[in-house]
Structure formats: structure tokens, C-alpha cells
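Good morning, everyone, and thank you for making the time. Please take a moment with the sequence and the model before I go through them.

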Amino acid sequence: MQRSEIVSLAKSLLDEKGSLYFTDALMNTLADEANKDVYRVLIRVCPDHLLDTKEFTWTSSAERMDMDTILGTDGGTQLRVYKLLGLESTEGSGGVTSSNLPKKWMPMRFTDRSKFLSHGGVNGAASGSYGPRYYALQDKYIYCAPIPQEALNVNMYYIRDLFAFSADSDHALNNRAHMFHDAVYKRLAVLMNAKQNGNNPVVDRLWQEAVIFMENNAESRYSDEPQSVRVLGHY
């Protein structure tokens, strides 16, 4: 759903005609805020819908890597990590195969990194192939412990920062999770309604229903086995 559609639908809910009470500039600002609110709900409920991946090389003997450099830009906008879901390293570059299996890194607190750094020479932990490896995300840097003695092939799974709308043709939620785009215009209507002192209680109910729908359905992308067992009685 594009910004122009989101704004138009939200105005319809509030019976807003034209751009007198809500200027175009104000609507664009509120649309960005509504987009952020829905994005945060989805990240809380099920971030799988917003997943991005990045393969990169962890430099030998480097304690940290600059994510701005690794992620680069998209359409001139710097990509940044909103939420880091995990890191894995493989023996070789490219995708995961039966001969190139991933090894999961474990999260650590930044203040604990010195404890793991001191274990670099234990049981081959400093090599690219053996021993546990830990990471911590601080600002735009990812720290690694123990420090690798050779370059590592790393796959990162993350949620990127939400891009602000820059044109009416821009899509909601970074053009992801399309089944939940309608929640954005309902949230926008709530923000507009707040400016009108809550004169339209219907939009609040529509937004509450949208949140419930996300909470109940965001994780239901597949289901090949029962998620619960019902006890019918005794024999």
C-alpha cells in the first residue's frame, strides 16, 4: 500500500475532504509516525516478516566491524540495523549447503566481552572453525569475541531501520509484510483523530482490531502440525 492510498483511506475514515484541516505536510508527517507504530508492533509480534540478510567477511584480527560500511546504502539512504536477530559463520562464502554448514554465534553483553576475549587461545576458539564465538551490537558496531585469527564468512540476520516516506508512491513497512499494510492507515486515522480531540471513536476500535489481528496472525504463516492438544476425556 502506497502513502497516497494510506492518506486517502485515513481521510475517508475522518470524513476529511481536501487539505484544509489536515495539510499535505501534516499528513505526510503523521503517515510516517503511523508507519513507525505498525512497524514496531510487527517487530514485537513476529520480526520474520521484516527479515533482511547480509553476507560479509569479518576481517582477520578485527574486534569490531562497522555496520554502516558493511550494509551500505539503498537508494542513497544509509542502511542501519534496527534489531539484530543473529549471526552465523560458515567455512566458505556463499549460501548454506551440506558442505558449508553454519555455526551460530552467541549473543553477549558488551560489558562481558573482555571475559570472552581472554579465551581466544582455548581449544582453538580463535580459529575460524572451532570453539564458541560471541557478538554484541553497540551503536553501529558489532563486536566479536574471541577475535578471529583468520577472516570469517559471516551471515547476518537483522531488521533494518524503517525508511521514512519520501514520495506518495513509497510503500508502507519498507515494502514488506503487505498483509498488514492496512493497519497503517487505521493508525494514521487514530493520530488524526487525536488532533480532533477524539471526536470519532470508531477509528480507535479499528486500530485495536488491527493490533489484535497482527498479534493473532503474524506468526501464522505456516502450520503443518497442531499447535496445541485438546483433552477430550478419559477412557
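Let me begin with a question: which residues of helix 6 are buried? In this model, which I should say at once is a predicted one, they are Val-203, Leu-206, Trp-207, Ala-210, Val-211 and Met-214. These residues cover an arc of only 140° around the axis, which puts them on the same side of helix 6. That fits the general picture, in which an α-helix has 3.6 residues a turn, so residues three or four places apart point the same way.

The cover over that buried side includes helix 1 (3-13), helix 2 (24-45) and helix 5 (182-195), while the face turned away from it carries the exposed residues Pro-201, Gln-208 and Asn-216. At the start of helix 6, a side-chain oxygen of Asn-200 comes to within 3.1 Å of the backbone nitrogen of Val-202.

Turning to the sheet, we have an open arrangement of 4 strands in the order 1-10-5-6, with antiparallel pairing. Strand 1 (51-58) and strand 6 (103-104) stand at the edges with a single partner strand each, so one side of each is left without a neighbour in the sheet. Strand 5 (residues 81-90) and strand 10 (residues 152-160) run antiparallel and are joined by 8 bridges, and Leu-84 stands opposite Tyr-158 of strand 10.

For the chain overall, the secondary structure comes to 6 helices and 10 strands, and 40% of the 235 residues count as buried. Of the contacts between residues at least 6 apart in sequence, 72% join residues at least 24 apart.

Key
Residues are numbered from 1 along each chain as its sequence is written. This is a predicted model: local features need pLDDT of at least 70, side-chain atom pairs count only at pLDDT 80 or more; totals for chains, interfaces and linings use all residues. Side-chain values use heavy atoms; hydrogens and water are left out. Two strands pair if DSSP finds at least two bridges between them. Helices (H or I, at least four residues) and strands (E, at least two) are DSSP runs, numbered from the N terminus. Buried means under 20% relative accessible area, exposed over 50%, partly exposed in between (1.4 Å probe, protein chains only). Contact means heavy atoms within 4.5 Å. The arc is that of the directions from the helix axis to the C-beta atoms. A polar contact is a pair of N or O atoms within 3.5 Å; within protein, one must be able to donate a hydrogen and the other to accept it, and residues adjacent in sequence count only if both atoms are side-chain atoms.
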